[in-house]
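Please look through the sequence and the structure shown here, and then follow the paragraphs below, which deal with one sheet and with a selection of salt bridges.

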Amino acid sequence: MCLDVQAIEKALLTGKWDNGLDSSSDAPVLKIAKNVVNGDFRDLTASPSRDLFAVTQSNEDLVDRPLTKWFDYTQRLSSGTPGTPDDELLRLSCAVACLHAFLQANWTGPHLDIKPLDVLAFSTPFSQLVNEDLLHQKAVSELAYGGEPAYHLAKFPIFLQLARILLDTPFQHCRSVPWWRLRTWRVHEQVLDEPVAVPEDVFTAVSPLLDGFASEPDVAGRLLLEQGLLEHYVGHDKSAADYFVRAARATELEYELTGALGKRTKFQETDVTQLVLLAESRVRGDGTDPTQDAGGVNGEGPQAGSTNGTVETAKPSNAAAKASEPALPETLLLNDDTLLEQTAFTSSTNAGTLGSRLSRIDPASQPALHPLDQAVLLALCLNVKNTSPVHGLTAEQMAPYVARVISHPRNWTVHTVALLLRSRLESNRTRTVERSVLQLQALVDQMPTADSALPERLLYIHDLLLPSRWEMEKELANRFLTIGVVKSALEIFERLEMWEEVVKCWASMERADKGRAIVRDLLDGRKTEADTVITHGKALSEARRRSLDSAREAKLWCLLGDLEPEHALEHYTRAWEISRESSGRAMRSLGGYHFARGNYEDAITCLRRAVAINPLQARSWFVLGCACLREEDWDGAREAFVRCVGIDDEDGESWNNLASVYMRMGEAGKAAKLEDEDSAKQQGESTALGAAENRIPFANKLLAFRALKQGLKFAYDNWRMWNNYMIVALDVGELSEACRALSRVVEERAVKDGAACVDEDVLDRLVEAATRGPEDAGASGGEGATAEAKKATQTTGLERRVEELFTRTILPRVSSPRIFRAWARLLTAQGRYADALNAHLDAYRAGPAGTIEKGETDVEKWRGAVGEVEEIVDVLRNFGPRYGEGFNWKLQARSIVRTFMGRTRDFEDEPEWARLVALQEEIRKEE
């Protein structure tokens with residue numbers, strides 16, 4: 001009987017074995033695959049699995065060669081020898097076994113019961129040269145990628161490397177191999193110090209699989225979810241969000257974030273609206289409960305009854321129920337004297353949006369969810385990006401997702417991740433921080449235990465962003481630091497040999513010298529890492545020994561450079577040389593060093609190398625862009641800032657700098673000179689956008705406008721960006737946006753800068769545009785003020801916006817003669833002559849003529865004030881008759897002239913004094 005390859009592949013992917021496959025064939029690979037699904041990896045130590053890892057060569061030089069060169073089958077397959085379905089299934093099953101063995105050892109626990117030397121088969125002479133420590137060092141070295149070293153204390157990294165080697169061999173019959181490569185890549189990413197760019201073919205290769213699994217919603221949903229998790233891990237949040245939503249659609253999960261009445265404290269008497277997530281899984285299979293396959297691997301999971309009355313299952317006996325319940329992580333109670341353990345919702349059947357299918361669900365008693373749907377909800381929770389740890393609104397948005405999953409625990413791994421997320425959300429609240437730390441400690445402690453079966457722990461491991469054990473311990477240590485338990489944090493970091501964190505701990509205790517001494521001791525050999533001690537005791541070639549230590553030694557030299565700024569250049573250069581020009585950290589540090597000292601050309605060279613090694617470092621792209629700005633390399637700056645916003649589209653400063661680049665680029669990327677070029681160079685990456693000559697293409701101005709508009713969504717309080725946005729908006733004819741931007745600048749800077757915060761040139765142009773007729777309304781808007789802009793002046797209510805700018809923003813905060821005159825022009829255009837006259841009088845009182853004091857000696861100031869007196873008299877002559885009854889403008893004019901002349905009699909000998917006398921006589925005659 002032939003093997004059903006696709007059915008076996010599906011069992012490996014889903015972690016659930018179909019018992020019908022047992023009778024389909026008697027091939028040995030069938031039993032191996034079943035054992036792998038059930039979490040038994042001991043077949044790796046016996047034939048035929050062990051034959052894959054046979055090393056028949058015996059020359060000593062083989063020790064220094066890559067692991068792929070050790071095994072005979074890799075040489076045979078690379079030569080183009082086709083494999084049979086049985087052979088490919090064996091390779092795939094062994095690859096999955098190796099990957100899951102690595103996950104068991106470092107992620108889920110319990111302790112692994114096989115050793116690498118039990119799996120590899122060596123010839124007798126070669127076996128004397130190889131031991132587990134050598135395999136460990138070789139694997140750690142080969143797992144380094146993109147300039148980032150792999151964590152050196154990961155347990156049995158050889159298994160991850162063996163899985164990668166097996167999956168990189170050619171397959172013709174097993175179509176799920178690209179999916180396993182995707183899973184392996186995500187595990188590999190989590191082993192590295194920093195995320196690195198994933199090869200493009202990792203995603204493109206799995207795309208065709210979606211069509212093949214279109215009829216299986218859960219399998220298709222898993223594939224989409226896992227793609228999204230990898231995108232999320234490398235920082236592609238938009239793409240990840242799209243995958244998560246598609247995964248929810250694929251599994252037919254229905255969910256809605258809404259409000260419902262409830263209480264959050266023990267003393268609360270009145271129900272108030274609380275945020276709640278209503279969610280419901282689809283009915284799986286033949287109409288049974290959606291949680292049917294929650295915990296088992298052979299289709300024998302616990303039967304959890306639905307609470308909404310739509311699906312009913314027979315209640316098992318107490319003994320049977322206890323036996324079928326999956327073991328779950330310990331969930332610590334809050335035990336607070338005020339807060340409830342969870343929000344107590346008022347029972348209701350109309351909590352959802354009107355007309356929603358979920359409105360029938362009672363928020364106080366929601367139905368249980370399938371574990372896969374719980375994993376999707378946790379991914380959607382990640383999508384609510386927690387950009388700031390103290391951002392209360394974000395935490396409130398994430399909490400309902402986590403609470404919905406925690407309310408119905410169904411799987412060990414899913415519940416672990418839910419508790420971890422809750423611990424993170426509670427870490428910044430006074431009443432919950434204690435449970436946050438204790439819960440995280442409990443999660444760390446549970447991993448080595450065997451309280452739940454391994455198959456259950458591995459069932460959804462690829463559908464969740466569960467940190468490795470060392471990352472969870474690192475998070476626990478950082479949590480200790482936040483509450484001041486520095487010594488406990490230091491002990492954890494030292495045990496994990498995370499020396500950078502150790503140095504930070506000593507610095508927080510004002511013992512920076514101790515941190516420097518530790519790094520020096522590590523580099524000089526007086527203090528050695530655990531695996532380095534073992535390795536240096538073996539008979540290895542000097543070249544191999546350097547190779548094993550280079551990645552971590554380079555990192556230590558970079559750390560020493562950070563600690564000793566006076567020798568930083570020497571240390572960073574040493575790190576680059578030791579890594580054989582592969583350390584992205586060394587180049588990033590060198591680039592930052594040169595940039596800080598104004599050596600922009602050298603900084604550009606170093607940073608280009610750094611981003612070539614690891615293009616996911618947004619900070620490196622940002623500094624590179626700033627260096628290109630200083631060197632007036634506009635094309636290079638544009639590329640750098642485009643990459644910045646591509647990695648993190650919420651980086652407002654990068655959007656601002658990108659706009660700055662566009663305003664300096666002419667056709668084909670040539671520099672377009674700015675009127676204020678010298679000040680632009682001084683201000684650097686936060687350059688204020690001055691007025692550009694007409695050589696700047698309008699298309700570039702429009703790109704700058706759009707970039708600033710996007711950036712202001714994430715930098716709303718940055719007044720410099722608003723100022724830039726105001727100028728560019730005016731230049732492209734977006735007058736309403738310019739009005740809004742000026743309002744924001746005044747709101748942010750009025751207290752500190754007073755009237756200087758108002759760009760009076762911009763204000764005059766806005767008033768001019770608002771007071772013109774439709775035939776020339778767009779004349780003040782630059783190139784972009786076409787017919788559409790002219791129409792916008794009237795249809796979008798520019799006049800109303802400008803009036804509100806004065807009445808709501810500017811005049812209640814600041815004043816100046818020019819502001820009052822602009823206000824008067826607007827009032828005149830509206831026919832409000834009395835108010836316009838009052839505004840002109842306010843302008844006069846705020847100007848030199850109104851504020852000049854007796855004894856003034858500045859002749860030029862006095863001459864300017866004389867002109868203002870003449871001007872205000874003309875204004876009174878024009879507007880006075882329109883003011884209305886009861887206003888004697890002639891008396892007001894005579895009083896102004898008499899008062900001014902009385903204060904400035906010291907200037908009677910000046911020629912302009914005769915003008916004042918004539919003006920006074922002219923007013924008297926008019927009476």
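In this predicted model, Thr265 stands opposite Leu339, a residue of strand E5. That pair belongs to the setting of strand E3, which spans residues 254–265 and pairs with E5 in the antiparallel sense over three bridges. A wider view shows three strands in an open sheet, ordered E4-E3-E5, with antiparallel pairing. Because strand E4 (272–280) and strand E5 (339–345) each have a single partner strand, they stand at the edges, and one side of each is left without a neighbour in the sheet. From one strand to the next, the twist averages 45°.

From the sheet we turn to the charged side chains, for which the count comes to 60 salt bridges. One of them joins the side chains of Asp649 and Lys238, with an N to O distance of 3.2 Å. This pair links distant parts of the chain, since Asp649 lies in the loop between helix H30 (634–647) and helix H31 (652–662), whereas Lys238 lies in helix H13 (residues 237–250), and the two are 411 residues apart. Although Lys238 takes part in this salt bridge, the residue is exposed, because its relative accessible area of 61% is over the 50% cut-off for that class.

Other salt bridges lie within a single helix. Arg808 forms one with Glu804, and the closest N and O atoms of the two are 4.0 Å apart; both residues belong to helix H38 (residues 798–810), where a spacing of four residues amounts to about one turn of the helix. The two partners can also be described by their accessibility, for Arg808 counts as exposed at 60% relative accessibility, while Glu804 counts as partly exposed at 26%.

A further example comes from helix H40 (residues 833–846), where Asp842 and Arg845 are separated by about one helical turn because they are three residues apart. These two residues form a salt bridge in which the closest N and O atoms are 3.0 Å apart. Asp842 counts as partly exposed, with a relative accessibility of 30%, and Arg845 is likewise partly exposed, with a relative accessible area of 45%.

Which residues are linked in a network of salt bridges? The acidic members are Glu760, Asp761 and Asp764, and they are linked in this network with Arg818 and Arg825.

Definitions and conventions: Residues are numbered from 1 along each chain as its sequence is written. This is a predicted model: local features need pLDDT of at least 70, side-chain atom pairs count only at pLDDT 80 or more; totals for chains, interfaces and linings use all residues. Side-chain values use heavy atoms; hydrogens and water are left out. Two strands pair if DSSP finds at least two bridges between them. Axes are lines fitted to C-alpha atoms, for helices over the stretch in contact, and angles run from 0 to 180 degrees between N-to-C directions. Buried means under 20% relative accessible area, exposed over 50%, partly exposed in between (1.4 Å probe, protein chains only).
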